[in-house]
Amino acid sequence: MAERLQGDARKEALASLTLWSEVKGRDAIARSLKFKNFNEAWGFMSRIAMQAELMDHHPEWFNVYSKVNITLSTHDCGGLSVKDIELAKFIDNAAVGK
Ligand code: HBI
């Protein structure tokens, strides 16, 4: 099972994710993205979904038209783990230029 990130490891991991914010009231991070239209948003979500399956680690997300709000946390350990950091970096790379 993934271990919850703590102390300096957590701080350093979060410092490397400048586009993500900590969620109030729970150990999770969130990012909002805006695309040109629904087609672009859904294409992006499909790429993330395939990676999530490969990692066996899944985002909580909300989509309406061109907007995608994503929250990452590891349910198995009740907070942030390296898996969230890894998925957040994949998402950032997939969203570059969008
Ligand atoms: N996704 N975000 C997230 N957190 C988890 O703990 C998790 C997951 N996807 C699959 C998964 N765990 C499996 O290990 C089972 O717990 C279903």
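**Sheet, helix 3 and ligand site in a predicted model**

Arg31 is found in strand 2, and this part of the model, which is predicted rather than experimental, makes a handy starting point. With a relative accessibility of 14%, Arg31 falls under the 20% cut-off and so counts as buried. Its side chain is not left without a polar partner: a polar contact of 2.6 Å links the side chain of Arg31 to that of Asp92. Setting aside residues up to four places away in sequence, Arg31 touches Leu19, Trp20, Val68, Asn69, Ile70, Asp92 and Ala95.

Asp92 leads on to helix 3, as Asp92 is among the buried residues of that helix. The others on that list are Asp84, Ile85, Leu87, Ala88, Ile91, Ala94 and Ala95. Between them, the buried residues of helix 3 pack against helix 1 (7–15), strand 2 (29–34), helix 2 (38–55) and strand 4 (67–72). The length of the helix can be checked with simple arithmetic. Helix 3 covers residues 82–95, 14 residues in total, and at 1.5 Å a residue it should span 20 Å. The C-alpha atoms at its ends are indeed 20 Å apart, so expectation and model agree.

Next comes the sheet. It is open and built from 4 strands in the order 1-2-4-3, with antiparallel pairing. Strand 1 and strand 3 stand at the edges with a single partner strand each, so one side of each has no neighbour in the sheet. Going through the pairs in sheet order, strand 1 is joined to strand 2 by 2 bridges, and the two run antiparallel. Here Ser21 has Ala30 of strand 2 as its bridge partner. Strand 2 and strand 4, also antiparallel, are joined by 6 bridges, and in this pair Leu33 stands opposite Val68 of strand 4. Val68 also turns up among the residues that Arg31 touches. Strand 4 is then joined to strand 3 (residues 60–64) by 5 bridges, again antiparallel, with Glu60 bridging to Thr71 of strand 4.

The loops between strands deserve a look too. Strand 3 and strand 4 form a hairpin with 2 residues between them. Tyr65 is placed in the loop that connects these strands, and its phi is positive, about 50°, although Tyr65 is not a glycine. Most residues other than glycine have a negative phi. On the other side of the sheet order, the loop between strand 1 (21–22) and strand 2 holds Gly25. At 87% relative accessibility Gly25 is over the 50% cut-off, and therefore counts as exposed. Its C-alpha atom is separated by 18 Å from that of Pro59, a residue 34 positions apart from Gly25 along the chain.

Val23 is found in the loop between strand 1 and strand 2 as well. Its relative accessible area is 25%, so Val23 is classed as partly exposed. Apart from neighbours within four places in sequence, Val23 is in contact with Ala28, Ile29, Ala30 and Thr71. Two of these names have come up already: Ala30 as the bridge partner of Ser21, and Thr71 as that of Glu60. Val23 is also 50 residues apart in sequence from Ser73, yet the two C-alpha atoms are 9.8 Å apart in space.

Ser73 brings the description to the ligand. The residues around the ligand are Asp56, His57, His58, Ser73, Thr74, His75 and Asp76. Backbone atoms supply several polar approaches. A backbone N or O atom of Ser73 lies 2.8 Å from a nitrogen atom of the ligand, and a backbone N or O atom of Asp56 lies 3.4 Å from a ligand nitrogen. For Asp76, a polar backbone atom is 2.8 Å from an oxygen atom of the ligand. Taken alone the ligand exposes 390 Å², and the protein buries 68% of that.

Asp56 has a few features of its own. The residue is found in the loop between helix 2 and strand 3. At 57% relative accessibility Asp56 passes the 50% cut-off, so Asp56 counts as exposed. Like Tyr65, which has a positive phi of about 50°, Asp56 has a positive phi of about 50° although it is not a glycine.

Terms used: Residues numbered from 1 in each chain as written. Predicted model: local features only at pLDDT ≥ 70, side-chain atom pairs only at ≥ 80, totals over all residues. Heavy atoms only, no water. Expected span 1.5 Å × (residues − 1). Buried < 20%, exposed > 50% of the residue type's maximum accessible area, 1.4 Å probe, protein only. Contact = heavy atoms within 4.5 Å. Polar contact = N/O pair within 3.5 Å; in protein donor to acceptor, adjacent residues only side chain to side chain. Near = heavy atom within 4 Å. Areas by Shrake-Rupley, 256 points an atom, 1.4 Å probe, with all protein chains shown as cover. Pairing = 2+ DSSP bridges.
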